[in-house]
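Q: Please take me through one part of this model up close: how the helices pack against each other, and how the charged side chains pair up along the way. I'm happy with one long answer.

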Amino acid sequence: MPLLSPLHQREFAREVLQRLRVAGYDAYWAGGCVRDHLMRRTPKDYDVATNALPDQVRDLFGRRRTVPVGAAFGVIMVVGPTGAGQVEVTTFRRDAAYSDGRHPDSVTFSSAEEDASRRDFTINGLFYDPVEDRVLDYVGGQADLAQGIIRAIGDPAERFAEDKLRMLRAVRFAATFDFHLDEATWTAIQRTADQISVVSPERIAAEMRRLLVETYRVRGLRLLVQARLAETVLPEILASEAAAKQGLERNLAVLGELRAPRFPSALAVLLSGLVDAGGAQSVGLRWRLSNKEIESLVWLVDHHQALRGARRQPRCRLFRVLAHADAANLSAMTSAAARAGQADPADAAWCLELLEDTREKFDPNPLLTGGDLLQRGWKAGPAFRHVLEAIRDAQLEGEIGSRDEALALAERLYTSFGENHARRAD
């Protein structure tokens, strides 16, 4: 998939808007891209809101360049040139009831003002005309942006009844922008937090994936707990015991020190010591994460202290950990723990130095393999695995450095296992 260019994305979004205008329709940038523009942040994508109907949008841009991703709800995707991505064009609409707590049962195409009133939060209910550099604000979004407030549009209880995920999104936006939730919005979340259970695991995971890597992720997680959303979303981090609460506080301190975190690493930091590997796997399966993400999460939780005291560890044990595919993420977690005062900075620095060196230093090619031992007439069995592990340990410790030395050690080891375990194949 070609990389997107923010400049090309913006130019294409402006082109889509202007083409709708030339055709006689009203059209504005809408939603998150307007919020980000006003905050001087680079939008990840662009949405356009218009009074053109879905079929009119498709006729204007051509069937080959448009995708009816939600034509019944007025949503048409217009595909741009390479590097420009795509722009979601939505007809101004008014939503009917949300029986499933996620989608409106039906929509009625309407005006820009009515379209703004159906959106989730005031900071996401703004329209912008990039041609005239003009903001249309029907919901007080500009004032809330200036004051750093997350406020539901209209009645918060109604907004959350329409789409339960909005409660979690409110927390995530607070973590993204370091904004505060207005009192009515916060109260409504606390009163209906248990209803987040009707939201699909994939949608919950998508929000948590973003929340855990935001700059103000620790504050977001505290809000998650205080809002009672964590009781359903991530009960593993809650406990009444003082020791467990202290464990969560330690994890939050480390999480706050994690630099440019990846989602599995951030989640592993949050869960470490609160659950074991099986508990981490349960979270991954519940959120329907990918197999690769679950494997990474489980290994990191299981080894979260494996680099503590690294300089005092046997090299064979340490080097086996450093050879793992997630060793760099584990090293980042250990460095964050050191910055939080929970690990030795010198150990963290040494592991990082090793990982930045050539891999041969901590993960050299084996001096002997199982095939080598089979060729020399030894049978596979209990001794076989132990001998190979002992040879590898000796190599990693620097006690042997050649094939001949490895073979000599194998002979001694097999002899020490005795006749019954080391008998050669006839």
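A: Let's start at D59, which is exposed, with a relative accessible area of 56% (buried is under 20%, exposed over 50%, partly exposed in between; 1.4 Å probe, protein chains only). This is a predicted model, where local features need pLDDT of at least 70 and side-chain atom pairs count only at pLDDT 80 or more, while totals for chains, interfaces and linings use all residues. Residues are numbered from 1 along each chain as its sequence is written, and side-chain values use heavy atoms, with hydrogens and water left out.

D59 pairs up with R63 in a salt bridge whose closest N and O atoms are 3.2 Å apart (a side-chain nitrogen of Lys or Arg within 4 Å of a carboxyl oxygen of Asp or Glu). R63 is partly exposed at 47% relative accessible area.

F61 sits in helix α3, residues 54-61 (helices are DSSP runs of H or I with at least four residues, strands are E runs of at least two, both numbered from the N terminus). F61 is buried, at 5% relative accessible area. Leaving aside residues up to four places away in sequence, F61 touches V16, R19, L20, T66 and V78 (contact means heavy atoms within 4.5 Å). F12 is 49 residues away from F61 in sequence and 13 Å away in space, C-alpha to C-alpha.

Now for the helix packing around α9. Helix α9 covers residues 201-211, and its buried residues are R203, I204, A205, E207, M208 and L211. Those buried residues pack against α7 (165-177), α10 (217-226), α11 (230-233) and α13 (263-271).

Two packed helices are described by the angle between their axes and the distance between the axes. For α7 and α9, the axes come within 9 Å and cross at roughly 10° (axes are lines fitted to C-alpha atoms, for helices over the stretch in contact, with angles running from 0 to 180 degrees between N-to-C directions). That makes the two helices roughly parallel (angles under 35 degrees; over 145 is roughly antiparallel, 65 to 115 roughly perpendicular, the rest oblique). On the α7 side, the contact uses L165, L168, R169, V171, R172 and A175, and α9 brings R203, I204, E207, M208, R210 and L211. By class, this contact of α7 with α9 splits into seven nonpolar, no polar and five charged residues (Ala, Val, Leu, Ile, Met, Phe, Trp, Tyr, Cys and Pro are nonpolar; Asp, Glu, Lys and Arg charged; the others, Gly among them, polar).

Helix α7 also packs on α10: their axes come within 8 Å and cross at roughly 150°. α7 and α10 are therefore roughly antiparallel to each other. The crossing of α7 past α10 is right-handed (the near helix is turned clockwise from the far one by less than a right angle; anticlockwise would be left-handed). Here L168, V171, A174 and A175 of α7 meet R217, R219, G220, L223 and L224 of α10. The contact of α7 with α10 has six nonpolar, one polar and two charged residues.

Staying with α10, R222 forms a salt bridge with E249, and their closest N and O atoms are 3.0 Å apart. E249 lies in helix α12 (residues 242-257) and R222 in helix α10, so the pair ties together parts that are 27 residues apart in sequence. Both ends count as partly exposed: E249 has 37% relative accessibility, and R222 has 33%.

Further along, α16 (residues 315-322) and α18 (residues 345-356) have axes that come within 11 Å and cross at roughly 60°. α16 and α18 are therefore oblique to each other, and their crossing is right-handed. L318, F319 and L322 of α16 meet W350, C351, L354 and L355 of α18. By class, the contact of α16 with α18 has seven nonpolar, no polar and no charged residues.

Just one more pair: D363 forms a salt bridge with R392, with the closest N and O atoms 2.9 Å apart. This pair links distant parts of the chain, as D363 is in the loop between α18 and α19 (370-375), R392 is in helix α20 (residues 382-396), and they are 29 residues apart. D363 counts as partly exposed at 24% relative accessibility, whereas R392 is buried at 14% relative accessible area. Elsewhere, salt bridges that share partners join R21, D129, E132 and R134 into one network. A search of the whole structure turns up 31 salt bridges.
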